[in-house]
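Student: Please take a close look at one helix-to-helix contact for me. Then connect it to the other pairings in the model.

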Amino acid sequence: MYRLHCFCQSGNSFKVAMMLNAVGAPWTAVFVDFMNGATREADWRRSVNEMGEVPVLEDGALKLTQSGVILHHLVDRHGQFGGRDDSEKREILRWILFDNHKFSSYFVSYRFLKSFVAAEPDAGVMAWLKGRIDASFAIVERHLADRLFIVADRPTIADFSMAGYLFFPPEESGYVLSHSHPNIARWLTRVAALPGWADPYAILPGERIRPYH
Ligand SMILES: N[C@@H](CCC(=O)N[C@@H](CS)C(=O)NCC(=O)O)C(=O)O
């Protein structure tokens with residue numbers, strides 16, 4: 001039984017949860033009270049993750065962090081959603097690195113400031129983040145124009161990584177992808193049709209927060 005340290009607003013956790021469900025692996029959620037500062041506590045960092053980040057996956061005595069590392073570990077354990085040769089494996093890593101740096105990360109900050117912080121977000125910061133999001137979304141929108149999935153004609157962990165944040169409700173980010181990025185929206189429909197897929201708020205623990213702005 002895997003133990004996934006997570007909370008329901010965390011798309012990085014959802015990347016892992018989607019994979020666990022898709023391979024039919026039994027897992028249990030360990031709630032991390034992120035919104036009240038749990039990951040900033042010295043004890044949590046000492047005992048769970050020195051990087052102060054969720055998700056963390058416990059696989060027996062192994063404690064893994066970084067969703068990209070966890071997804072690769074689950075490919076090794078379950079033999080599904082990985083690359084079939086070196087070239088595919090490189091492509092998967094390439095897109096997961098792009099995702100962690102640009103595709104998810106600016107969107108994460110933008111959505112967090114817009115929806116989960118009570119103070120009015122700084123307009124200049126939001127405009128800068130939006131510019132970065134729009135640039136990386138345009139790259140993926142183009143990439144998906146003639147492809148079913150990110151790396152191959154079948155889903156891989158690159159899809160779980162990149163789709164992780166895009167299943168949250170549009171009111172949290174302001175992005176209605178079916179209008180702004182139709183190729184991305186169609187791809188998300190294909191990812192959501194995979195075995196075991198469920199809405200993040202249905203499978204991750206914690207209280208749903210009504211967006212502040
Ligand atoms: N690259 C990391 C990012 C993890 C991450 O940023 N998680 C968020 C929650 S979804 C977090 O714990 N942030 C704490 C912080 O940035 O201080 C991954 O893919 O696991």
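Tutor: In helix 5, Tyr106, Phe107, Ser109, Tyr110, Leu113 and Lys114 meet Val125, Met126, Trp128, Leu129, Lys130, Arg132, Ile133 and Phe137 of helix 6. Contact here means heavy atoms within 4.5 Å. These residues divide into 10 nonpolar, 1 polar and 3 charged. Ala, Val, Leu, Ile, Met, Phe, Trp, Tyr, Cys and Pro count as nonpolar; Asp, Glu, Lys and Arg count as charged; the others, Gly among them, count as polar.

The model is predicted: local features need pLDDT of at least 70, side-chain atom pairs count only at pLDDT 80 or more, and totals for chains, interfaces and linings use all residues. Residues are numbered from 1 along each chain as its sequence is written, and side-chain values use heavy atoms, with hydrogens and water left out.

Now the geometry. Helix 5 spans residues 105-115 and helix 6 residues 123-143. Helices (H or I, at least four residues) and strands (E, at least two) are DSSP runs, numbered from the N terminus. The axes of helix 5 and helix 6 come within 9 Å and cross at roughly 140°. Axes are lines fitted to C-alpha atoms, for helices over the stretch in contact, and angles run from 0 to 180 degrees between N-to-C directions. Helix 5 and helix 6 are therefore oblique to each other. Angles under 35 degrees count as roughly parallel, over 145 as roughly antiparallel, 65 to 115 as roughly perpendicular, and the rest as oblique.

Take a second pair. Helix 1 (residues 11-22) and helix 3 (residues 67-78) have axes that come within 9 Å and cross at roughly 10°. That makes helix 1 roughly parallel to helix 3. Helix 1 brings Asn12, Lys15, Val16, Met19 and Leu20 to the contact; helix 3 brings Ser67, Ile70, Leu71, Leu74 and Val75. The split is 7 nonpolar, 2 polar and 1 charged.

Helix 3 also takes part in a salt bridge (a side-chain nitrogen of Lys or Arg within 4 Å of a carboxyl oxygen of Asp or Glu). Its Arg77 pairs with Asp59, 2.8 Å from N to O. Asp59 lies in strand 3, so the pair ties together parts that are 18 residues apart in sequence. Arg77 is partly exposed at 46% relative accessible area, while Asp59 is buried at 14%. Buried means under 20%, exposed over 50%, partly exposed in between (1.4 Å probe, protein chains only).

Strand 3 holds Glu58 too. Glu58 forms a salt bridge with Arg3, with the closest N and O atoms 3.4 Å apart.
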